[in-house]
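I opened my notebook today to look around one protein chain, step by step. Come along and check each entry against the picture.

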Amino acid sequence: QVQLVESGGGRVQAGGSLRLSCAASGPTFSIYAMGWFRQAPGKEREFVAAITWSRGSTYYGDSVKGRLTISIDNAKNTVYLEMNSLKPEDTAVYYCAADILSLRIGIPSVAYEYDVWGQGTQVTVSS
């Protein structure tokens, strides 16, 4: 079974940068896409970005376009989320997720399309 472990969260001032990592283990050949979601207190889980495992095609949520970049290192089985120009409203727990053995066309951007989730990593942006 695929397992995911996030790292790289922390506290940063507004305008700063962070890079989150999501390391996948297990049968990674079965992964179709990896996604990042975030959830702030009292809010619903929000799609941030996704990338297909083999081709590296990407898709971003509207609220983060131009500031966040998702990338993949297949040799390390790791997906990254580079976050720049951070704002206080980016404060949330960030989760990575894997879409397994998918037959879908396109890049999944809804939580129910993902099968495996990491434990989450806290990102706090202070003003």
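**Entry 1: what I was looking for.** I count a salt bridge when a side-chain nitrogen of Lys or Arg lies within 4 Å of a carboxyl oxygen of Asp or Glu. I also kept in mind that this is a predicted model.

**Entry 2: the salt bridges.** How many salt bridges does the structure hold? I found four. I began with R38 and D90, whose closest N and O atoms are 2.8 Å apart, so the pair passes the 4 Å cut-off. This pair links distant parts of the chain, with the two positions 52 residues apart in the numbering. R38 sits in strand 4 (residues 31–39), while D90 belongs to the loop between strand 8 (78–83) and strand 9 (92–100).

Next I followed D90 to another partner, R67, and read an N to O distance of 2.7 Å for that salt bridge. These two are 23 residues apart, and R67 lies in the loop between strand 6 (58–60) and strand 7 (68–73).

**Entry 3: buried or exposed?** I looked up how well these residues are covered. Why does D90 count as buried? Its relative accessibility is 1%, and buried means under 20%. R67 is buried too, because its relative accessible area is 12%, under the 20% cut-off. R38 is likewise buried.

Then I checked D62 and K65, whose side chains meet in a salt bridge at 3.3 Å, N to O. Here both residues are exposed.

**Entry 4: a network.** Which residues are linked in a network of salt bridges? I noted R38, E46, R67 and D90.

**Entry 5: the strands.** I went through the secondary structure and listed zero helices and eleven strands. I then picked out an open sheet of four strands, in the order 1-3-8-7, with antiparallel pairing. Strand 1 (3–7) and strand 7 are its edge strands, each pairing on one side only. From one strand to the next, the twist averages 15 degrees. A reminder to myself: strands of a sheet pair through backbone hydrogen bonds.

**Entry 6: walking across the sheet.** I started at strand 1, which pairs with strand 3 (residues 18–25) over five bridges in the antiparallel sense. One pair to find in the picture is E6 with its bridge partner C22 in strand 3.

My next step was from strand 3 to strand 8, an antiparallel pairing over six bridges. Here L18 has M83 in strand 8 as its bridge partner.

Last came strand 7 and strand 8, which run antiparallel and are joined by six bridges. I marked I70, whose bridge partner in strand 8 is L81. Strand 7 and strand 8 form a hairpin with four residues between them, and N77 in the turn has a positive phi of about 50 degrees. I also saw that strand 8 is mostly covered, with five of its six residues buried.

**Entry 7: the whole chain.** Finally I stepped back. Of the 127 residues, 46% count as buried. The C-alpha atoms fill a box of roughly 40 × 25 × 25 Å along the principal axes. About 6500 Å² of the chain is exposed, and carbon and sulfur atoms supply 48% of that area. Among contacts with a separation of 6 or more, 59% come from residues 24 or more positions apart.

Notes
Residues numbered from 1 in each chain as written. Predicted model: local features only at pLDDT ≥ 70, side-chain atom pairs only at ≥ 80, totals over all residues. Heavy atoms only, no water. Buried < 20%, exposed > 50% of the residue type's maximum accessible area, 1.4 Å probe, protein only. Pairing = 2+ DSSP bridges. Axes fitted to C-alpha atoms, helices over the stretch in contact; angles between N-to-C directions. Contact = heavy atoms within 4.5 Å. Areas by Shrake-Rupley, 256 points an atom, 1.4 Å probe, with all protein chains shown as cover.
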